[in-house]
Each structure stands twice: as C-alpha cells, then as structure tokens.
Amino acid sequence: METILTEEMILDDLLKTFHRLFGLNVIEATSIKRGWLNLKWKVTTDAGELLLKQYNKERYKLYKSEEILLALSQQIRLYDQDLACPKVLSQNESILLESDNGERFLVMEYCKGKLISPGKINVHQIYDLGRATGKMHRLLNDGTLGIKNSPQFIPPSREERLAHWNSVWEKTKGLGKPQLLAEIETQFKATEEMNIEPLELLQTGWAHRDLWVDNLLFNDNGLSAILDFDRLKYDYPQLDVARAVMSCALDDNLDVSLASAFMEGYSEERDVVEGYLTHSLQLLWYMESTWWINANMDQHSVPPARFAKEMIWLAENQKNMSALLGNL
C-alpha cells in the first residue's frame, strides 16, 4: 500500500537531496501556494534565494518526460538570450533531478516581482510583456527547434462544435440548471456566426501555451519574469498573445488601450499583420471555450471561473471583435 506523503515529508526529502547535490545550507523554506498539484518552495540558502519545484507524481503522468525536458532546455536557452525568466540550475548536466525517495524536482533562481490580478495591469507593464512575448516567440521559432507537421490544437469543424454545445445544453438542462443555459446558448450562437476560415491560415510555431497572470511577475513599470514553461509545445504563437491579453487587459470589459500597448511591444520583436490580435482572440475562444463553459461551471474554483468569464466575453463580442479592436 502506497504511503501518503505530507508536504513536510516531501520537503524534508527534497532538502536532503538538494544539500547533497549542491552543497548549500537551507536557512529557511517558505511554501508557495500556487499552481495545480505541484509543490513549490522559496528557499533561502547561504548562497541566496532559490526556488524548489516538485512535480506531483499524478500530474507528471499527464506529461511525457522528453517534453518536459525539451521545455526546460528552451527555458535555459531563453534565459541565456536575456529573456526575463528564471535561471534553471543543473547538476552533472541533469535538469530534472530526483530525490532520495524518488520525487522529481527542479532548482531555479527565485525571481522577485509581484503577481497582478486579472485585468489590473498598467500600460507600461503590458507593453513590456508584449515585447518579451514577441522576443520569446522570435527565439523559439528561430529554426533551432525545427517545425512539426501539425500544431497541438487542430480546430474542429463548425458542425462538431455546434454538436458539442447542443450536448452541453441538454446535459445542463437535465441537471436542472436553467441559470446556465443562456451562457451556453451564447457559445452556440457565436459558433454559428463566426467565420472559421481565417483560423485555418494562422501561422503555427513553438509557444509557451500557459501565458496568464499566475505565470507572470511584474515590477511597477515592467515585466520581471515569465514563469512555468512546462506546457511549451508546437502550436500557435497567437494563442500566447490572446491568452496574455485576455488575462491582463479584461476587467469587466477589454481595455483596448492595454491590448494596443501589448501589440505595440510585441510588434517590436515580431512582424504582425492587420487583424492579428482579432484572429488570436478568436482562436483562443475556439480552443478554450469547451474547457471552461460546461454543465458544472457553477462549481468552478477561482481560476476556472475567471477563464469562463473570459470565454463568455469573447463569445458575446465575437461578431464585433474587429471593430472593437480597431483592426488590431
């Protein structure tokens, strides 16, 4: 029978291995309560502050180890090219370390900065985020990694998606939740009205794929660090653009001046065509709406509730997106 380990037991195991591998004494360890299942600690050592990240064994099963290692290798490459992201420490050329009790973990530089609540960014911060995102995409797609035959997300047909929303509507009705039906109908109508053809022409490439406020640190006037590269894959860089803009610039409505500042920074590093952000947001909605809008969304915790709010806003404004954004 498998022993259920407490957070304290896992930390004790990691610190023993950390000390053996790096020869550093830990003065203090503070838990960082952020992220899904994986555990993190800020550790103060006699050589400065570092971050320990443990990979939860159940969550790790959802990943392929070679994909995690590829993502971490790119984080190292991006750091070496002066992108604002944490430095990853290695030991005997190993990045993903294993503790004495078989826990996988990383050791990284601890980045200073503050988290910003969704929709509460300022224009200097989002401009800098746009510039850093553009630089990240430029470096990830400089030919080092090559290209793949297909992206991670392949947009389904309109018919498939309409059938999905019909199914969700019936399930929600069957569960006796009439208060949710209008939001599902909004998704259905937006799918009917959307011009899907432009999505088939978008440029594929390597992307972060988790670029939202929980994975970003800021100072008062700019970006401090982009965090958590675990989901990096070959997909659509425009999904990063849309995810960052929605997470940072949507409060009750999308602040177009903030969206414009992001695109100004982004375009300093990457060429963009007219309508780039409009199509990015449409693609994001088409991919993520089915993740967050469902028969049980009334039970969402805080992050999924935020994502559902974004999907509702995108569906409601799908038809007028280009005019709203002024062809951004």
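Gln187 lies in helix α6, residues 181-193. The model is predicted, and in it Gln187 is buried, with a relative accessible area of 0%. The chain is assigned two domains, domain 1 (7-109) and domain 2 (123-325). The points below start from Gln187 and go on to the domains, the pocket, the nonpolar cores and some single residues.

**Gln187 and its surroundings**
- Gln187 counts as buried because its relative accessible area, 0%, falls under the 20% limit.
- Which residues is Gln187 in contact with, leaving aside neighbours within four places in sequence? They are Trp165, Trp285, Ser289, Ile293, Met311, Ile312 and Ala315.

**Domains**
- The centres of domain 1 and domain 2, taken over C-alpha atoms, are separated by 29 Å.
- In the contact between them, domain 1 takes part with 19 residues and domain 2 with 21 residues.

**Largest pocket**
- The volume of the largest pocket is about 1100 Å³.
- Its lining is made up of 45 residues, and those closest to the pocket centre are Arg59, Asp210, Trp212, Asn215 and Asp228.
- Sorted by class, the lining has 25 nonpolar, 15 charged and five polar residues.
- Both domains take part in the lining: domain 1 (7-109) and domain 2 (123-325) each give at least three residues.
- At least two lining residues come from each of the strands β3 (48-55) and β6 (104-109) and from each of the helices α3 (65-80), α7 (237-249), α9 (276-292) and α10 (302-316).
- Which element supplies the largest share of the lining? It is α9, with five residues.

**Nonpolar cores**
- The largest nonpolar core contains 71 residues, and Leu254, Phe262, Leu281 and Leu314 have the most contacts inside it.
- Helix α9 gives the largest share of this core, nine residues.
- Domain 1 (7-109) and domain 2 (123-325) each contribute at least three residues to this core.
- A second core, separate from the largest one, has 15 residues, including Leu14, Leu24, Leu52 and Leu97.
- Leu314, one of the residues with the most contacts inside the largest core, touches Met246, Leu281, Leu284, Trp285 and Met321 when residues up to four places away in sequence are not counted.
- Trp285 thus appears in the contacts of Leu314 and also in those of Gln187.

**Helix α8**
- Helix α8 spans residues 256-266, and its buried residues are Leu258, Ala259, Ala261, Phe262, Met263, Gly265 and Tyr266.
- Phe262 in this list is also among the residues with the most contacts inside the largest nonpolar core.
- The buried residues of α8 pack against three helices, namely α4 (123-140), α7 and α9.

**Leu325 in helix α11**
- Leu325 is found in helix α11, residues 321-325.
- Is Leu325 buried or exposed? Leu325 is buried, because its relative accessible area of 3% is under 20%.
- Not counting residues up to four places away in sequence, Leu325 touches Leu254, Val256, Leu277, Thr278 and Leu281.
- Of these contacts, Leu254 and Leu281 are also named among the residues with the most contacts inside the largest core.
- Leu325 and Asp255 are 70 residues apart in sequence, and their C-alpha atoms are 9.5 Å apart in space.

**Residues with positive phi**
- Most residues other than glycine have a negative phi.
- Asn92 is not a glycine, yet has a positive phi of about 55 degrees.
- Asn92 sits in the loop between β4 (88-89) and β5 (97-98). At 67% relative accessibility, which is over 50%, Asn92 counts as exposed.
- From C-alpha to C-alpha, Asn92 and Leu21 are 9.2 Å apart, with their positions 71 residues apart in sequence.
- Arg209, also not a glycine, has a positive phi of about 70 degrees.
- Arg209 lies in the loop between β7 (205-207) and β8 (216-219).
- Whereas Asn92 is exposed, Arg209 is buried, because its relative accessibility of 14% is under the 20% limit.

Notes
Residues are numbered from 1 along each chain as its sequence is written. This is a predicted model: local features need pLDDT of at least 70, side-chain atom pairs count only at pLDDT 80 or more; totals for chains, interfaces and linings use all residues. Side-chain values use heavy atoms; hydrogens and water are left out. On a 1 Å grid over the protein atoms alone, a cavity is a set of points where a 1.4 Å probe fits but cannot get out, and a pocket is an open set with protein on both sides within 12 Å along at least five of seven lines; lining residues have an atom within 4 Å of a point. Grid points are joined across faces, edges and corners, and a volume is the space filled by probe spheres set on the points. Helices (H or I, at least four residues) and strands (E, at least two) are DSSP runs, numbered from the N terminus. Ala, Val, Leu, Ile, Met, Phe, Trp, Tyr, Cys and Pro count as nonpolar, Asp, Glu, Lys and Arg as charged, and the others, Gly among them, as polar. Domain bounds come from an automatic or database domain assignment. A nonpolar core is a set of buried Ala, Val, Leu, Ile, Met, Phe, Trp, Tyr and Cys residues joined through side-chain atoms within 4.5 Å. Buried means under 20% relative accessible area, exposed over 50%, partly exposed in between (1.4 Å probe, protein chains only). Contact means heavy atoms within 4.5 Å.
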